[in-house]
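Subject: The structure you asked about

Hi,

Here is the structure, ready for you to open next to this email. Have a look around first, then read on for what turned up.

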Amino acid sequence: MGIEEKLPSGVLLTTVEGVAGYMRKASFWPATFGLACCAIEMMTSGGPRYDLARFGMEVFRASPRQADLMIVAGRVSQKMAPVLRQIYDQMPEPKWVLAMGVCASSGGMFNNYAIVQGVDHVVPVDMYLPGCPPRPEMLIDAILKLHKEIQAGKLGSNRALEIEVSETDALNALPTSEMKGLLR
């Protein structure tokens with residue numbers, strides 16, 4: 001029982017945003033930016049055991065001009081930050097960034113002047129992946145969550161409105177120092 005039997009007279013209605021989102025998520029090509037131990041786990045996820053090829057991501061691009069996802073795996077030094085930004089700027093739009101590991105997300109255990117305390121000081125990050133180092137299963141899970149965000153993403157003026165609303169919500173959010181949680 002295929003889709004052609006469920007649809008009356010072969011007509012399928014959808015939106016341009018729906019089709020574009022589906023195509024974008026199905027043609028994700030990552031640019032690798034492996035800097036430390038997290039890079040080994042990232043390379044493992046592309047191997048035969050975890051097989052990123054089933055999501056259409058088998059080719060890690062060496063050229064940023066052919067990639068739309070930057071996976072920053074490992075700690076970013078102050079000397080490497082301008083290179084990271086240059087590679088990000090060379091990527092075509094739309095582009096996404098995944099910070100892999102605690103060092104890329106927040107500087108990790110390297111709380112000193114030489115390491116950038118979070119890659120979000122250099123490039124905008126779409127997905128944070130915690131762990132030291134995170135397992136390949138965790139990377140695949142983060143990529144699938146990013147797929148859902150991309151497929152549900154808006155286009156054109158709807159995208160501009162979506163960004164404006166999210167920025168307003170972030171500015172109106174409760175400061176972290178005033179949050180009450182399990183540790184306080």
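Which residues line the second largest pocket? They are Arg159, Glu162, Ile163, Ser166, Glu167 and Ala170. By class, that lining has 2 nonpolar residues, 1 polar and 3 charged, and the space inside comes to about 240 Å³. Keep in mind while you look that this is a predicted model.

**The overall picture**

The protein has 7 helices and 4 strands. Starting at the N terminus, the elements go α-α-β-α-β-α-β-α-β-α-α. If you draw a box around the C-alpha atoms along the principal axes, you get roughly 65 × 45 × 35 Å. There are 184 residues, and 33% of them count as buried.

**The largest pocket**

The largest pocket holds about 430 Å³ of space. Its lining is made of 19 residues, and the ones nearest its centre are Pro94, Lys95, Trp96, Asp126 and Arg159. Helix 2, helix 6 (136-151) and helix 7 each give two or more residues to this lining, with helix 2 supplying the largest share, 4 residues. Sorted by class, you'll find 7 nonpolar, 3 polar and 9 charged residues around the largest pocket. Arg159 is worth clicking on, since it is listed for the largest pocket and also for the second largest pocket.

**Around Pro94, Lys95 and Trp96**

Those three neighbours in the sequence each have something to show you. Take proline 94 to begin with: a cis peptide bond joins it to glutamate 93, with omega at about -10°. Proline 94 is in the loop between helix 4 (81-90) and strand 3.

Next is lysine 95. Its charged end sits over the ring of tyrosine 88, 4.2 Å from the ring's centre.

Then comes tryptophan 96. The structure holds 1 aromatic pair, formed by phenylalanine 28 and tryptophan 96; the two rings are tilted, with 5.4 Å from centre to centre and 55° between their planes. Phenylalanine 28 is in the loop between helix 2 (16-26) and strand 1 (30-34), while tryptophan 96 is in strand 3 (residues 96-100), so the pair ties together parts that are 68 residues apart in sequence. Are the two partners buried or exposed? Phenylalanine 28 is buried, at 0% relative accessibility. Tryptophan 96 is buried too, with a relative accessible area of 12%.

**The cavity and its cysteines**

The count of cavities of 30 Å³ or more comes to 1, and about 40 Å³ of space lies in it. Its lining consists of Ala36, Cys37, Cys38, Gly74, Gly101, Val102, Cys103, Gly131 and Cys132. These divide into 6 nonpolar, 3 polar and no charged residues.

With cysteines in that list, you might go looking for disulfides. A disulfide is a covalent bond between the sulfur atoms of two cysteines. How many does the structure hold? The number is 0. Why is there no bond at cysteine 37? The closest cysteine sulfur, in cysteine 38, is 4.9 Å from the sulfur of cysteine 37, which is too far for a bond. Cysteine 103 tells a similar story: its closest cysteine sulfur, in cysteine 132, is 5.6 Å away, again too far for a bond. As for accessibility, cysteine 37 is partly exposed, at 43%, whereas cysteine 103 counts as buried, at 9%.

Cysteine 132 has another feature to check: a cis peptide bond joins it to proline 133, with omega at about -20°. You'll find proline 133 in the loop between strand 4 (127-129) and helix 6.

**Two more residues to find**

Aspartate 51 has a positive phi of about 55°, although it is not a glycine. It lies in the loop between helix 3 (38-45) and strand 2 (69-73), and it counts as partly exposed at 31% relative accessibility.

Lastly, look for proline 175 in the segment after helix 7 (156-172). At 38% relative accessibility, proline 175 counts as partly exposed. Its C-alpha atom is separated by 31 Å from that of isoleucine 140, and these two residues are 35 apart along the chain.

Happy exploring!

Terms used
Residues are numbered from 1 along each chain as its sequence is written. This is a predicted model: local features need pLDDT of at least 70, side-chain atom pairs count only at pLDDT 80 or more; totals for chains, interfaces and linings use all residues. Side-chain values use heavy atoms; hydrogens and water are left out. Rings of Phe, Tyr and Trp (its six-membered ring) pair if their centres lie within 6.5 Å; planes under 30 degrees apart count as stacked, over 60 as edge-to-face and the rest as tilted. Buried means under 20% relative accessible area, exposed over 50%, partly exposed in between (1.4 Å probe, protein chains only). A charge sits over a ring if NZ of Lys or CZ of Arg is within 6 Å of the ring centre and within 35 degrees of the ring normal. A disulfide is a pair of cysteine sulfur atoms within 2.5 Å. On a 1 Å grid over the protein atoms alone, a cavity is a set of points where a 1.4 Å probe fits but cannot get out, and a pocket is an open set with protein on both sides within 12 Å along at least five of seven lines; lining residues have an atom within 4 Å of a point. Grid points are joined across faces, edges and corners, and a volume is the space filled by probe spheres set on the points. Ala, Val, Leu, Ile, Met, Phe, Trp, Tyr, Cys and Pro count as nonpolar, Asp, Glu, Lys and Arg as charged, and the others, Gly among them, as polar.
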